[in-house]
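Colleague: I should like to learn how to read salt bridges and nonpolar cores in a protein model. Could we work through one together?

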Amino acid sequence: MMRMRDAGLFAAVLAASAVAAPFAAAQTNERVIRVTGTGQVRAAPDQATADFAVETTGATAQAAAAENAQRMERVIAALVRAGVPRERIETRDYNVFPDYDPRSMESGEPRIRGYRVMNTVSATLHDIARVGQVIDAALQAGANRVHGVRFGLRDPQRFRQQAIADAVRRARADAESIAAALGVQLGLVHEAHTAEFGMVPQPPVMYARDAMANMAESAPTPINPAEQMVRASVSVSYSIGATLH
C-alpha cells in the first residue's frame, strides 16, 4: 500500500513538472524590446536660499561671541523686515577658532592674538524678485559675508509627472524605430518602471561684495535666476509582434 502511495505521489510530481516547464520556458523565451527614455522639464524657480555670515574678532572667545550675537540679531531683524519670515531663517553653521599672529606662524611658534567667531544663517524666501533687496538689507545690517544664493522649486514633484511623460514618449519612439528596423510589429507593454528622478543641480550664484564699503553709495544687487531642470528616466519593455511582410 505504501509503495502504491509513493508511486502516485511521484506521478503527480512529474505531471506538475511537465506543466511548469513550458510555462517557465515561455517566460524565459518571450521576445521583447527593452528601451530607456529620459525626459526633462524646465521650470522657473520659485524659491531662493541665501547664506549670510557675520564674522567678528575679539581678545577672548567670549568677547568675539558676544559682539557676533548682537550683530547677527540685527541681521536677522533686517531679514524679517525685508520680507523673510522668521521661521525660514535657520542657523547653518557656527564656529569659534583662534586667531594666530601671522609673524609668529612664520617663526614656528604660533601665538594666539585673539579669537574669531563666524555665525552663518540661511534665509529662504519665495519672492524671487526680492532676493537682491534681501542681500542688501543683510549687508547693511552687519553681515560681512554672503556665501551664495541657491535657487530651487518648492514642489519639484509637480514637474516630475511631466518629465516622466516626456521620458515615456521618447522610449516609445526608440522602441518603434527598433521594431521598424527589425521588420516586426511593436506589441503591448510587457514591463515598465522609473529608473531615476531628480533635479539637475545648478551651481549657486556667488557674490564677492565688500561689506565694509559705503552701502548707501552702492548699486542694488542684481539677481538673474536660472531655470531649474527636472529630469526623469524610465525603462520599458515591449512585446514583439508579428513579422512585417
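**Salt bridges and cores**

Modeller: Arg145 has a relative accessibility of 36% and therefore counts as partly exposed. Please bear in mind that this model is predicted.

Colleague: With which residue does the side chain of Arg145 meet in a salt bridge?

Modeller: The partner is Glu55, at 2.7 Å from N to O. Glu55 lies in strand β2 and Arg145 in strand β5, 90 residues apart, so the pair links distant parts of the chain. Glu55 is buried, with a relative accessible area of 14%. Both residues also belong to a network of salt bridges with Asp99, Arg113 and Arg116.

Colleague: How many salt bridges does the structure hold?

Modeller: There are 13. Another one joins Arg150 and Asp51, at 2.8 Å from N to O. Because Arg150 lies in strand β5 and Asp51 in strand β2, this pair ties together parts 99 residues apart in sequence. Arg150 is partly exposed at 31%, whereas Asp51 is buried at 4%.

Colleague: Where do Arg71 and Glu67 lie?

Modeller: Both are in helix α2, 4 residues apart, which is about one turn of the helix. Their side chains meet in a salt bridge of 3.9 Å, N to O.

Colleague: How should one read a nonpolar core?

Modeller: In soluble globular proteins, nonpolar side chains tend to be buried together. Here the largest nonpolar core has 28 residues, and Phe52, Val75, Leu79, Val131 and Ile135 have the most contacts inside it. Helix α4 supplies the largest share of this core, 7 residues.

Colleague: What else does the model contain of this kind?

Modeller: A second, separate core has 19 residues, among them Ala163, Ala167, Ala179 and Leu186.

How values were computed:
Residues are numbered from 1 along each chain as its sequence is written. This is a predicted model: local features need pLDDT of at least 70, side-chain atom pairs count only at pLDDT 80 or more; totals for chains, interfaces and linings use all residues. Side-chain values use heavy atoms; hydrogens and water are left out. A nonpolar core is a set of buried Ala, Val, Leu, Ile, Met, Phe, Trp, Tyr and Cys residues joined through side-chain atoms within 4.5 Å. Buried means under 20% relative accessible area, exposed over 50%, partly exposed in between (1.4 Å probe, protein chains only). Helices (H or I, at least four residues) and strands (E, at least two) are DSSP runs, numbered from the N terminus. A salt bridge is a side-chain nitrogen of Lys or Arg within 4 Å of a carboxyl oxygen of Asp or Glu.
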